[in-house]
Amino acid sequence: MESRKDQHVRLFEKTYQTHQTNDFDSVRFVHNSLPELSLSKVDSLTTLPFGTWSSPFFINGMTGGSEKTKKINESLAHAAAATGIAIASGSQKAALKDPALHDTFRVLRQVNPNGFIFANIGAELDEEAAKQAIDMLDANGLQVHLNASQEVVMPEGDRDFSSWLKNLERIAHSIDLPVVVKEVGFGMSRATFRRLIDAGVQIIDVAGKGGTNFITIENQRRDRARFDYLQDWGQSTVISMLEAQPYLDQATFFASGGVRHPLDALKGLALGARAIGVSGIFLHTALSSGSEGLITLIEEWKQQMNEIMLLLGCASLDELRRTDLILSGTPDQWARLRGPKPEEMATRSQRIS
Ligand SMILES: Cc1cc2nc3c(=O)[nH]c(=O)nc-3n(C[C@H](O)[C@H](O)[C@H](O)COP(=O)(O)O)c2cc1C
């Protein structure tokens, strides 16, 4: 029988859309014809509470748990090692139950002995499971995913989410590596940020709507009682980052979900994210062009991010965070109802020094 993880990868590829529009299209930078800067002065390194990454994007959590996904992990890890970007594992829950699956995850460390690797579990697990997942990979950090929307549409999914916040609180207080709490493509709200921060969580990946959609994927695994009408559930990555504005100095934010190219990544960083997680396009590239194709793409992203920063006249990510952003469409409407005022985002360079 095909494992659930193999089904996810197959259905991901089947539903992957290259030219999907999303809310990143409703955020614009203002072109300035006089950048007054040289590419040699542009540096996109990102400063994080636990150190510095030379590139502000990473391969977000996806696979492991089967022979096929072991090969995918090998390919992703090879690309991460060759380009020096961080990588996250897919959920290790299956391997915590079945030691025979350990090597489908451990390959991440074998191929990438010196790289930054996040272990990955769901919030239904406790701090003991968190420690085991970290040990399995000799990981540098931990991701804990929140996937209630996915579970509800998953035919065999969990229906009891009542222990998640308690588990997160215990994990945040007992793990002394960086702990990132992430969504899986449905974004987050201000109320969620407040509760995570109060629980002691210091790094939050909003993982919003706009790219891979696990409601669509799980819905295809259902024979009946389908959730066809739920495809638009959740907050986009842009809207989640608008929600994050009041909390940017209380936690470190990562933005992910629907990042298609370097310009989207820069918009996420301009909205206050310290790093950008990329899943869909990197997985699709690894599946269609192998790790060499992915390495080429990652190197192009690094170069083009610096070139667009040059165009914007920004020598650093701090400067990028002060650029004016023009919102339109749904993000503009959302911001008018819940803040921040779109007029302030559009003129913030005049206020933030
Ligand atoms: C095939 C596949 C499997 C995934 N499995 C996991 C997982 O095990 N744990 C997790 O935290 N996120 C998982 N994700 C979600 C991604 O980390 C990310 O949040 C989501 O795909 C949105 O980003 P994207 O639009 O760049 O794909 C998975 C994504 C894909 C495509």
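Colleague: Is the crossing of helix 2 and helix 4 left-handed or right-handed?

Modeller: Keep in mind that this is a predicted model. Helix 2 covers residues 67-83 and helix 4 covers residues 102-111, and their axes sit 8 Å apart. As for the hand of the crossing between helix 2 and helix 4, it's right-handed.

Colleague: And how do helix 2 and helix 4 run relative to each other, roughly parallel or roughly antiparallel?

Modeller: The two helices pack at an angle of about 15°. Angles under 35 degrees count as roughly parallel. Helix 2 and helix 4 are therefore roughly parallel.

Colleague: On to the ligand. Which helices each supply at least two residues of the shell around it?

Modeller: The shell has 21 residues, with Gly61, Ser91, Lys182, Thr212 and Gly258 coming nearest. By class, six are nonpolar, twelve polar and three charged. The helices that each give at least two residues to this shell are helix 1 (4-15) and helix 12 (280-312).

Colleague: How much of the ligand's accessible area does the protein cover?

Modeller: Let's start with some contacts. Lysine 5 has a polar side-chain atom 3.0 Å from a ligand oxygen, and for an N or O atom in the side chain of lysine 182 the distance to a ligand oxygen is 2.8 Å. Glycine 258 uses a backbone N or O atom, 2.7 Å from an oxygen of the ligand. Of the 610 Å² that the ligand has accessible on its own, the protein covers 97%.

Colleague: Any odd backbone? Which residues does a cis peptide bond join?

Modeller: Most peptide bonds are trans. Here there's a cis one with omega at about -5°, and its proline is in the loop between helix 14 (329-338) and helix 15 (342-346). The bond joins glycine 339 and proline 340.

Colleague: What is the phi of glutamate 36?

Modeller: Glutamate 36 belongs to the loop between strand 1 (27-29) and strand 2 (46-48). Most residues other than glycine have a negative phi. Glutamate 36 isn't a glycine, yet its phi is positive, about 50°.

Key: Residues numbered from 1 in each chain as written. Predicted model: local features only at pLDDT ≥ 70, side-chain atom pairs only at ≥ 80, totals over all residues. Heavy atoms only, no water. Near = heavy atom within 4 Å. Polar contact = N/O pair within 3.5 Å; in protein donor to acceptor, adjacent residues only side chain to side chain. Areas by Shrake-Rupley, 256 points an atom, 1.4 Å probe, with all protein chains shown as cover. Helix = DSSP H or I, 4+ residues; strand = E, 2+ residues; numbered from the N terminus. Nonpolar A, V, L, I, M, F, W, Y, C, P; charged D, E, K, R; others polar. Axes fitted to C-alpha atoms, helices over the stretch in contact; angles between N-to-C directions. Parallel < 35°, antiparallel > 145°, perpendicular 65-115°, else oblique. Left-handed = near helix turned anticlockwise from the far one by under 90°.
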